[in-house]
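Reader: Hi! I have a structure open on my screen and I'm not sure where to begin. Could you walk me through it?

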Amino acid sequence: IKAISDLDLRMVKLDAGNDKILKKINAPLVKDSIEKLISNARRVKNVIIQSCFTHGVVDNTKQEDLDEWIEAVGMIKPDIVHLYTLDRVPAVSGLVKTDEDTLYTIAAKLEKRTRIKSKVFY
């Protein structure tokens, strides 16, 4: 945590709010959990969260999954959240780019529930 705190920009990737989606979308090589990610991210000052949203074989835009993701972001309390979707052919076939309107809807829900600002990259 000390090393990351010395960086000009401190970004943490958080694409899920539960372990099931985390494993599907990020396929971590080490045993990881949402609880551990939240705990570590909370310790980083002025952190920026980056979140990628997709449809298809992994869909992290369903309401229940979004509710858990918003809760996780709210616990971390980042300075801002960067929302984006696929920009190139994904490594996993069957993933589909999320449309821009969905990203803005997610951003609005996040701000309404947590008052945390976000920026959409499309």
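Author: Happy to! Keep in mind that this is a predicted model. Let's begin with one pair of residues in the strands: Val 81 stands opposite Ser 118, which belongs to β6.

Reader: Okay, and how do β4 and β6 pair, parallel or antiparallel?

Author: They run in the parallel sense, with three bridges between β4 (residues 80-84) and β6 (residues 118-120).

Reader: What about β2 and β4, how many bridges do they have?

Author: Five, and that pairing is parallel too. You can pick out individual partners: Gln 50 has His 82 in β4 as its bridge partner, and Ser 51 stands opposite Leu 83 in β4.

Reader: Cool. Which strand does β1 pair with?

Author: β1 (residues 10-13) pairs with β2 in the parallel sense, over four bridges. Look for Val 12 there, which stands opposite Ile 49 in β2.

Reader: So why is β2 described as largely enclosed?

Author: Five of the six residues in β2 (residues 47-52) are buried, so the rest of the structure largely encloses this strand.

Reader: Let's zoom in on Ser 51. Is it buried or exposed?

Author: Buried: a residue counts as buried under 20% relative accessible area, and Ser 51 has 0%. Ser 51 sits in strand β2.

Reader: What does Ser 51 touch?

Author: Leaving out residues up to four places away in sequence, Ser 51 touches Leu 14, Asp 15, Trp 69, Val 81, His 82, Leu 83 and Tyr 84. With Trp 69 there is also a polar contact of 3.1 Å, side chain to side chain.

Reader: Switching topic! Where is His 55?

Author: His 55 is in strand β3 (residues 54-56). Its side chain makes polar contacts with the side chain of Asp 59 at 3.2 Å and with the side chain of Thr 61 at 3.3 Å.

Reader: And which residues further along the sequence is His 55 in contact with?

Author: Setting aside neighbours within four places in sequence, His 55 is in contact with Thr 61, Gly 94, Leu 95, Val 96, Lys 97 and Thr 98. Try finding Thr 85 as well: His 55 and Thr 85 are 30 residues apart in sequence and 9.5 Å apart in space, C-alpha to C-alpha.

Reader: Nice. How big is the largest pocket?

Author: Its volume is about 370 Å³. The largest pocket is lined by 18 residues, and the closest to its centre are Ile 25, Cys 52, Leu 86, Pro 90 and Leu 95.

Reader: What classes of residue make up that lining, and which element gives the largest share?

Author: The lining has ten nonpolar, three polar and five charged residues. Helix α2 (residues 19-26) gives the largest share, with three residues.

Reader: Last topic: backbone angles. What should I know about the sign of phi?

Author: Most residues other than glycine have a negative phi. Asn 46 has a positive value, near 50 degrees, and Lys 77 has a positive phi of about 60 degrees.

Reader: Where do I find Asn 46 and Lys 77?

Author: Asn 46 lies in the loop between α3 (34-42) and β2, while Lys 77 is in the loop between α4 (63-76) and β4.

Reader: And are they buried or exposed?

Author: Asn 46 counts as partly exposed, at 43% relative accessibility. Lys 77 counts as exposed, at 60%, because the cut-off for exposed is over 50%.

Reader: Thanks, that gives me plenty to look at!

Technical notes. Residues are numbered from 1 along each chain as its sequence is written. This is a predicted model: local features need pLDDT of at least 70, side-chain atom pairs count only at pLDDT 80 or more; totals for chains, interfaces and linings use all residues. Side-chain values use heavy atoms; hydrogens and water are left out. On a 1 Å grid over the protein atoms alone, a cavity is a set of points where a 1.4 Å probe fits but cannot get out, and a pocket is an open set with protein on both sides within 12 Å along at least five of seven lines; lining residues have an atom within 4 Å of a point. Grid points are joined across faces, edges and corners, and a volume is the space filled by probe spheres set on the points. Helices (H or I, at least four residues) and strands (E, at least two) are DSSP runs, numbered from the N terminus. Ala, Val, Leu, Ile, Met, Phe, Trp, Tyr, Cys and Pro count as nonpolar, Asp, Glu, Lys and Arg as charged, and the others, Gly among them, as polar. Buried means under 20% relative accessible area, exposed over 50%, partly exposed in between (1.4 Å probe, protein chains only). Two strands pair if DSSP finds at least two bridges between them. A polar contact is a pair of N or O atoms within 3.5 Å; within protein, one must be able to donate a hydrogen and the other to accept it, and residues adjacent in sequence count only if both atoms are side-chain atoms. Contact means heavy atoms within 4.5 Å.
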